[in-house]
Amino acid sequence: MGTPPPGQNGTIDVKPTDLHRVSGGVASQQTVMDRGAKSLLDDLRKYPDAGGYGTSPQAFATSYVKVGNRFLEVWAKSVVSIGGAAVGFTTTANTYAKVEAANDPKGKAKPVVQPLPKVIEKAPAYGSVPNLKWGDDDGGDDFIRRVLEWVPEPVRDVLRPVVKHAFRMGKVAEVYPFPQQHHLNSLSQAWMAVTVPLSTAEQGLTGNVSSITQQSHSEWYDAMRHFCSSLWGTTAWGKNRENYEWGHDSSSSQTATHPVMTVLFDTARKVGDLLYEFAEAVRDAIPKVEVNLKDGVGMDDVKGLVKGLGKSIAKGASQLGQGIVLNMDTAKLNAIVTEYNRRVDALVEVPP
């Protein structure tokens with residue numbers, strides 16, 4: 001940053017103690033960000049398999065994981081960047097102190113320096129966003145969903161068309177087990193909630209840095225606006241992209257430019273919105289199918305069905321069907337499922 005120029009009245013003077021204070025304040029925001037990501041993942045792991053079965057829900061799940069993992073990757077790099085800024089402020093403060101000591105006319109002054117702050121120097125490995133896809137046997141389902149999840153996937157693929165006709169399920173068989181609306185709502189709330197630590201960290205960073213960004217000297221203020229915006233992702237060659245401004249702030253900028261923080265914030269909100277819309281699609285489109293297990297039908301019956309698949313799939317499905325009652329209008333359900341798939345496909349096409 002260099003030594004700040006004096007103002008017209010000589011009042012601008014950023015001391016090493018100021019920079020040490022800012023350094024500590026900036027470093028503390030790493031903890032806020034790091035805990036925020038971990039809390040998000042803790043919440044997401046409470047609701048595995050929420051997306052259900054079917055081509056459209058699985059396409060949504062694939063896109064969700066891709067965006068979610070990219071989100072965590074950028075978040076982790078932001079944590080490291082905050083630590084880098086904190087180290088930079090302390091390094092600059094120590095340099096100031098050494099220069100001041102070296103300029104002591106008597107040559108007796110000793111530079112007062114501080115150790116570099118302890119920060120996260122490597123991007124945290126948060127892991128992957130839990131997949132919404134149903135069928136990975138992670139213990140997050142109710143009885144019937146677990147029963148079907150226990151059946152090996154190749155067997156399920158063969159069994160599904162048989163169930164479709166034996167139980168008069170029609171297209172419902174193509175999307176069962178259904179997404180769990182209340183779990184999708186909880187996931188949506190988790191993504192919305194992660195904007196809180198993000199906003200808290202941004203406010204903390206802004207408050208600390210603004211304390212050394214004074215407007216009484218236009219040249220100094222302009223330089224500090226450039227520097228401060230660079231902490232949040234701007235570059236000298238940055239342009240407007242996807243409605244985000246990536247160029248440096250200047251003294252004439254009407255608003256502060258925090259592109260990385262803004263992208264993270266907007267992405268979390270968008271993912272939360274899409275999960276909510278997904279849940280609404282489930283609530284509005286998926287039929288209320290009554291599935292009742294009669295006495296005597298349990299895991300052993302399903303295991304017996306799977307063992308008998310090699311001999312007679314249709315016979316095995318029929319035997320299981322005797323223990324399950326499904327109340328539905330197949331033609332009506334086909335139309336409902338078609339509309340459900342259309343709505344979910346539309347969500348996948350929305351850019352994150």
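Start by selecting N208, which sits in helix α6. In this predicted model, N208 has a relative accessibility of 17%, so it counts as buried, the cut-off being under 20%. Show the side chains around N208 and leave out residues up to four places away in sequence: what remains in touch with N208 is R21, V22, G25 and V26.

**Along α6 to α5**

Now colour the whole of α6, residues 195-210, together with α5, residues 181-193. The axes of these two helices lie 5 Å apart, and the packing angle is about 0°. Angles under 35 degrees count as roughly parallel, so α5 and α6 are roughly parallel to each other. To see where they meet, pick W191, M192 and A193 on the α5 side, then T195, V196 and P197 on the α6 side. Colour that contact by residue class and you should find 5 nonpolar residues, 1 polar and no charged.

**From α5 to α1**

Keep α5 on screen and add helix α1, which covers residues 16-44. How close do the axes of α1 and α5 come? They come within 9 Å, crossing at roughly 180°. With an angle over 145 degrees, α1 and α5 are therefore roughly antiparallel. Zoom in on L40, D43 and L44 of α1, which meet L187, A190 and W191 of α5. This contact between α1 and α5 divides into 5 nonpolar residues, no polar ones and 1 charged. You have now come across W191 in both places: it takes part in the contact with α6 and also in the one with α1.

**A stop at F265**

Select F265 next, in helix α8. Is F265 buried or partly exposed? Its relative accessible area is 26%, so F265 is partly exposed. If you draw a distance from the C-alpha of F265 to that of W191, it should read 9.7 Å, although the two are 74 residues apart in sequence. For the direct neighbours of F265, leave out residues up to four places away in sequence and display T195, L198 and S199, which F265 touches. Of these, T195 is a residue you have already met, on the α6 side of the contact with α5.

**Into the largest pocket**

Turn on a surface or pocket display and look for the largest pocket, with a volume of about 1,000 Å³. It is lined by 29 residues, and those closest to its centre are V74, W246, V263, L264 and T267. Two elements give two or more residues to this lining: α2 (55-102) and α8 (259-285). Highlight α2 in particular, as the largest share of the lining, 10 residues, comes from it. Coloured by class, the pocket lining shows 17 nonpolar, 5 polar and 7 charged residues.

**Back along α2 to S56**

Stay with α2 and select S56, which is found in this helix. S56 has a relative accessibility of 5%, so it counts as buried. Setting aside neighbours within four places in sequence, the residues in contact with S56 are N341, V344, D345 and V348.

**Zooming out**

Finish with the whole chain in a cartoon view, where there are 11 helices and 4 strands to find. Colour by burial and you will see that buried residues make up 44% of the 352 in the chain. Finally, consider contacts between residues at least 6 apart in sequence: 81% of them join residues at least 24 apart.

Note on methods:
Residues are numbered from 1 along each chain as its sequence is written. This is a predicted model: local features need pLDDT of at least 70, side-chain atom pairs count only at pLDDT 80 or more; totals for chains, interfaces and linings use all residues. Side-chain values use heavy atoms; hydrogens and water are left out. On a 1 Å grid over the protein atoms alone, a cavity is a set of points where a 1.4 Å probe fits but cannot get out, and a pocket is an open set with protein on both sides within 12 Å along at least five of seven lines; lining residues have an atom within 4 Å of a point. Grid points are joined across faces, edges and corners, and a volume is the space filled by probe spheres set on the points. Ala, Val, Leu, Ile, Met, Phe, Trp, Tyr, Cys and Pro count as nonpolar, Asp, Glu, Lys and Arg as charged, and the others, Gly among them, as polar. Angles under 35 degrees count as roughly parallel, over 145 as roughly antiparallel, 65 to 115 as roughly perpendicular and the rest as oblique. Contact means heavy atoms within 4.5 Å. Buried means under 20% relative accessible area, exposed over 50%, partly exposed in between (1.4 Å probe, protein chains only).
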